[in-house]
Amino acid sequence: MRMRVWTKILRCARQCFRGFFPLPMPDWFATVLRFKRPTSTQASMSSTNAEQSAPSAPAHDLPQKRTRFPGTFWLLNSIEMGERLAYYNLRVVAPIYIMQADNPGGLHLTAADKGTIYAWWAIFQSLLPIVTGGLADRFGYKKTLFGAITTMMIGYLLIAFMRDINFVSNYTAFFWSIMVLATGTAFFKPGIQGALANTLTKENSSIGWSLFYWVVNVGALIGHFIPTVLLVMGGNSAEAWRNVFLASAVFTGFNLVLLTRLKDVPTGASQTEPILSVLWRTLKNVFEPRLLCWLAIMSGFWLMMYQLWDLQPNVIADWVDSSAQARWIQENAPAFIHGNLIEETARGPQIPQQILLGLNSLSIICGVVLVGYLTRRMRTLSAMLIGMAMVVVGILVAGWTMSLWMLLFGIVFFSLGEMTVGPKKSEYLALIAPPGKKGLYLGYVNIPTGIGIFVGSKLAGYVYGHYGEKAMLALRYIAEKTPFGSGKNWNGDVMALEETLGIARPEAMAKLQELTGLDAATATRLLWDTYSPNVNVWIPFAAVGVVSVIALAIFARMARRWSDMNA
C-alpha cells in the first residue's frame, strides 16, 4: 500500500517537473521519476530473462510519453503573467483606495460608491467579452491583444493622473478611468484565452489550463507585494498611490514588447466574415438554453466567490487583528522586511491586507498544477462541484472571526476550491466549444463573472455600508449608545449619520474613542461584539453559494444525457 502511494506521488512529480524544466534532468532524478513498481509476473519474467538477454538500455533512455507544450503556449503565459501583475497591483488595494475611511491618501468614497464602481467595472470587463470573443476570432488574436494592451495602459495612466482636478469629481474621474481599463481587459481575456485554447488538445488541456492558472497567480502574488512596498514607503499618501498605478502602466508596457515575439495563432474562424454577422452569431449562440442555465448557476457562485478579493480587503483592514504577529515580525525579521511590509495603524502595527490575501495566490501556485494533474481524468463538472463546496466553507471561515489564524485557514481552504473551479470552468467551455468558436465560447466564460460581480458588488455595497463598515458602525454606536448622540434625533438611516452627528467617517473612530475612553483595539472589539458584522455580512453571500452548489449538482446529473454538454 505504501509503495502504491509513493508510485502515484512520483508519477505526479514527473508530469509537473517536465512542464516547468525544459532542460534535461539528471540521470538519477529521471530514473527516480520513472520508477514503476513491477507486478509479480513482470518481476519473475525479468529475473528469468536477465540471464538470457543482452544488457538492456538504461531506464532513462527508454522512450516516454510526455506532456509537451509549444513555445507559443509559454509566450502566451508570459504575457498573461505580465497582465495579471499589472492588474493585481491595482486590484488588491483598490478597495482600500476607494473607501477605507482611515487611509490618508485614499479617495474616502462610500461603500455604495465602491459597489457602483465595481458593478460597472464587472459589466465592462466581463460582459463585453460576449462580443469581443467573436471579434477576436474574426480579426485574429495578435491584433486583438495589441489593441487590448494599449487600451489597458492608457487606463492605468488615467487612474494615476485623473485625481484632484477642478472640473471633475474624484468619483467621476476614477469611474471613467476604470471603464477604460475594463474595456481593454474585455478584449484581452478572449484574445489570450482563445489563442491558448488553440495550442492545447483534449489530452493536455487539463494540465495546460492548470499551468495557465498557475501563471495567473504568480503574477497575482507578486502584485500583492509591490503596492505594499510603494505605499508603506510613501506613507499611503496620494503620491504613493499614484506611483502604484504608474507601476501597473509600466508592467503593461512590457507586454507590448513580448507581443512582438508572438507568432499569431490560427483562430479557425473566417477572417472575412462581416462584423455584424459576427455580432449576430455571438448573441445567437449564447441563448442556447443549456448554456444559459450553466452561466446562471456560475453567476451565483461568482457573486459569492469574488467577495474574498473585493469585500474581504475592507473587512481585514477594519476588523482583523494581526498586531501580535506584526510585532513578532518587527522583533525577528530584518529591518528591510518589516520596514516595508508592516504598516502602523491606530490599533498598532498590522500586516497589510494585501499581504494576507496573497496567501490565496501562493496556495494556488503551490497546488494548482498538482490539482490539475489529479483531476485530469475527472469529469469537469464533478471537479467544479467539489471545488465550489470548498469555496463556500472557506469564505465563511475567513470572514467569521477577528483571528488572523482563522482568516488564513479560511483563505487556504477557499484556495483549494478555487484551484479546482478556476481552470475547470475554462476547460469546460473549451471542450464543448464547436470548431472555430473557442474564442467565442471562452468569451462566454466571463458572463457569470460579470453578472456575479455586478450583483455582488451592489449587494456588498449595501450590506457592508449598513452593517459591516467599522467607521459607519462607530457613528451608529455614538448615535445609539452615548450621551453625545442621544439628543441628535437620528432617524435610523445610516446614510444620514454623518450629517446628523456632524462627524465625518474618517473621524468616527477617533470620536468614539474620545467618548468611551477606549483605545482603538478595544473600541474595535466593542463594535464587533455589539453589531456582529460577520453574521450580517457573510451569511447572505454564503447562502447564495449553497444554492449555486445545489444547482450545479442538478445540472451535472442532467448533463449526462447530453453528449455535447457532458464534459
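In which helix is Leu404 found? Leu404 is found in helix H20, and we shall come back to this residue after a look at the whole chain.

The structure is a predicted model, in which local features need a pLDDT of at least 70 and side-chain atom pairs count only at pLDDT 80 or more, whereas totals for chains, interfaces and linings use all residues. Residues are numbered from 1 along each chain as its sequence is written, and side-chain values use heavy atoms, with hydrogens and water left out.

The protein chain has 28 helices and two strands, where helices (H or I, at least four residues) and strands (E, at least two) are DSSP runs numbered from the N terminus. Of its 567 residues, 54% count as buried; here buried means under 20% relative accessible area, exposed means over 50%, and partly exposed lies in between, with a 1.4 Å probe and protein chains only. Contact means heavy atoms within 4.5 Å, and among the contacts in the protein chain with a separation of 6 or more, 82% are accounted for by residues 24 or more positions apart.

Leu404 offers an example of such a residue in its surroundings. At 4% relative accessibility, Leu404 counts as buried, and it touches Val320, Asp321, Ser322, Gln325, Ile351 and Leu356, not counting residues up to four places away in sequence. Leu404 and Ile351 are 53 residues apart in sequence, yet 9.8 Å apart in space from C-alpha to C-alpha.

The helix that holds Leu404 also packs against another helix. Two packed helices are described by the angle between their axes and the distance between the axes. Axes are lines fitted to C-alpha atoms, for helices over the stretch in contact, and angles run from 0 to 180 degrees between N-to-C directions. Helix H13 (residues 289–305) and helix H20 (residues 404–432) pack at an angle of about 155 degrees, and their axes are 13 Å apart. H13 and H20 are therefore roughly antiparallel to each other, given that angles under 35 degrees count as roughly parallel, over 145 as roughly antiparallel, 65 to 115 as roughly perpendicular and the rest as oblique. The crossing of H13 and H20 is left-handed, a term used if the near helix is turned anticlockwise from the far one by less than a right angle, while clockwise makes a crossing right-handed. On the side of H13 the contact is made by Leu291, Trp294, Met298, Phe301, Trp302 and Met305, and on the side of H20 by Phe414, Glu418, Val421, Lys425, Tyr428 and Leu429. These residues divide into ten nonpolar, no polar and two charged, where Ala, Val, Leu, Ile, Met, Phe, Trp, Tyr, Cys and Pro count as nonpolar, Asp, Glu, Lys and Arg as charged, and the others, Gly among them, as polar.

A second pair of helices can be read in a similar way. Helix H4 (residues 71–91) and helix H6 (residues 111–127) pack at an angle of about 165 degrees, with 15 Å between their axes, which makes H4 roughly antiparallel to H6. H4 passes H6 in a left-handed crossing, and the contact is made by Tyr87, Leu90 and Arg91 of H4 together with Tyr118, Trp121 and Gln125 of H6. The residues of this contact divide into four nonpolar, one polar and one charged. Gln125 is also touched by Thr185, as are Glu83, Arg84 and Met152, not counting residues up to four places away in sequence. Thr185 lies in helix H9 (residues 170–197) and is buried, with a relative accessible area of 0%.

Further along the chain, Ala504 has its place in the loop between H25 and H26, and at 31% relative accessibility it counts as partly exposed. In helix H26 (residues 508–516), Ala508, Met509 and Leu512 are buried. Seen down the axis of H26, these buried residues fall within an arc of 95 degrees, so they line one face of the helix; the arc is that of the directions from the helix axis to the C-beta atoms. The buried residues of H26 pack against helix H23 (470–481) and helix H27 (520–531).

Finally, two loops deserve a look at their backbone angles. Most residues other than glycine have a negative phi. Asn236, although not a glycine, has a positive phi of about 55 degrees, and Asn489 likewise has a positive phi, near 55 degrees. Asn236 lies in the loop between helix H10 (205–233) and helix H11 (238–259) and is buried, with a relative accessible area of 12%, whereas Asn489, in the loop between helix H24 (483–486) and helix H25 (497–501), counts as exposed at 69% relative accessibility.
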